[in-house]
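Here's a quick briefing to read alongside the model. Grab a viewer and follow along.

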Amino acid sequence: MTVSESMSRLQAQREALVEAALEHIPFDGWTRQALLAGAEDLDLAPGEVDRLLPNGIRQAIVTYVEMTDRKMIAALDEKGLENMKIRDRIATAVKTRLDLVENQKDAVRGALAFMTLPQNAALGLKLTHGTVDAMWVAAGDTSTDHNWYTKRMLLAGVYGSTLAYWLDDTSDDHADSWAFLDRRIGNVLQIPKITAKLGKVGKFAAAPFKLGAKVANCMPTPGRLRRQFGG
């Protein structure tokens with residue numbers, strides 16, 4: 001077995017463990033107990049948890065987020081985004097990402113709570129960046145200048161605020177969340193007019209997105225979005 005094959009196998013085993021643990025997270029949270037229960041479901045020895053996830057819960061959540069992002073990309077490949085307007089591509093990407101975890105809200109809440117801890121803030125920002133970057137790439141974004149940073153910062157605000165709304169949404173088929181998402185895209189991103197806007201604010205968005213510490217202070221929040229963009 002080659003090194004590449006060995007790493008791929010390890011990653012597949014790690015993801016299988018996290019998938020199994022998801023069944024226990026609503027009861028045990030993102031804990032070692034949930035991981036051990038998942039391992040038991042897979043007939044794995046308890047020691048396999050440490051082998052597959054040597055960094056514990058932190059690595060389990062990273063695996064969960066990145067695994068879900070890949071599922072989102074695969075799902076978007078089947079949706080014919082190239083035939084949609086940019087605005088619709090972005091809305092579809094966000095909806096697809098949330099639809100994938102519709103039955104895992106407890107896991108999502110727990111992961112968000114974990115990432116809000118001070119020692120995990122930088123990692124949380126990195127994971128959010130990875131998710132919104134995947135959305136923009138799927139939407140066909142080819143920007144390489146300051147627009148690249150601005151698009152991702154703005155979409156992080158849209159995605160984050162929609163995710164927070166969605167977690168507490170009890171409307172049929174999350175209809176209220178999708179209406180909220182449409183308003184955020186219209187008021188904040190202003191797609192398809194975003195291209196014209198980006199040139200004016202791109203220089204200011206690039207530096208914060210490059211520097212993790214500044215991102216924490218500049219990351220769009222629902223309150224900031226309302227104040228700055230009239231959302």
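Let's start where two helices touch: Ile57, Arg58, Ile61 and Tyr64 of H5 meet Ala107, Val108, Ala111, Phe114 and Met115 of H7. By type, the residues of this contact split into 8 nonpolar, no polar and 1 charged. Keep in mind that this is a predicted model.

**How H5 and H7 pack**
- A pair of packed helices is described by the angle between the axes and the distance between them.
- For H5 and H7, the angle is about 125° and the axes are 11 Å apart.
- That angle falls outside the 65 to 115 degrees of roughly perpendicular and isn't over 145 either, so H5 and H7 count as oblique to each other.
- As for handedness, H5 and H7 make a left-handed crossing.
- H5 covers residues 56-77, while H7 takes in residues 105-115.

**The core, and Tyr64 in it**
- The largest nonpolar core holds 52 residues.
- Which residues have the most contacts inside this core? They are Trp30, Tyr64 and Leu155.
- Helix H5 is the top contributor to this core, putting in 9 residues.
- Tyr64 is worth clicking on: setting aside neighbours within four places in sequence, it's in contact with Val18, Leu22, Trp30, Val101, Gln104, Ala107 and Val108.
- Two of those partners, Ala107 and Val108, also turn up on the H7 side of the helix contact.

**Two residues with positive phi**
- Asp173 has a phi near 55°, which is positive even though the residue isn't a glycine.
- His174 is also a non-glycine with a positive phi, about 55°.
- Asp173 sits in the loop between H9 (146-167) and H10 (175-189), and His174 lies in the loop between H9 and H10 too.
- Is Asp173 buried or exposed? Its relative accessibility is 69%, so Asp173 counts as exposed.
- His174 comes in at 8% relative accessibility, so His174 counts as buried.

**The chain as a whole**
- What's the protein chain built from? It has 13 helices and 0 strands.
- Read from the N terminus, the elements therefore go α-α-α-α-α-α-α-α-α-α-α-α-α, with helices being DSSP runs of at least four residues.
- Of the 231 residues in the protein chain, 44% are buried.
- Among contacts with a separation of 6 or more in the protein chain, 65% come from residues 24 or more positions apart.

Note on methods: Residues numbered from 1 in each chain as written. Predicted model: local features only at pLDDT ≥ 70, side-chain atom pairs only at ≥ 80, totals over all residues. Heavy atoms only, no water. Core = buried A, V, L, I, M, F, W, Y, C linked by side-chain atoms within 4.5 Å. Buried < 20%, exposed > 50% of the residue type's maximum accessible area, 1.4 Å probe, protein only. Contact = heavy atoms within 4.5 Å. Axes fitted to C-alpha atoms, helices over the stretch in contact; angles between N-to-C directions. Parallel < 35°, antiparallel > 145°, perpendicular 65-115°, else oblique. Left-handed = near helix turned anticlockwise from the far one by under 90°. Nonpolar A, V, L, I, M, F, W, Y, C, P; charged D, E, K, R; others polar.
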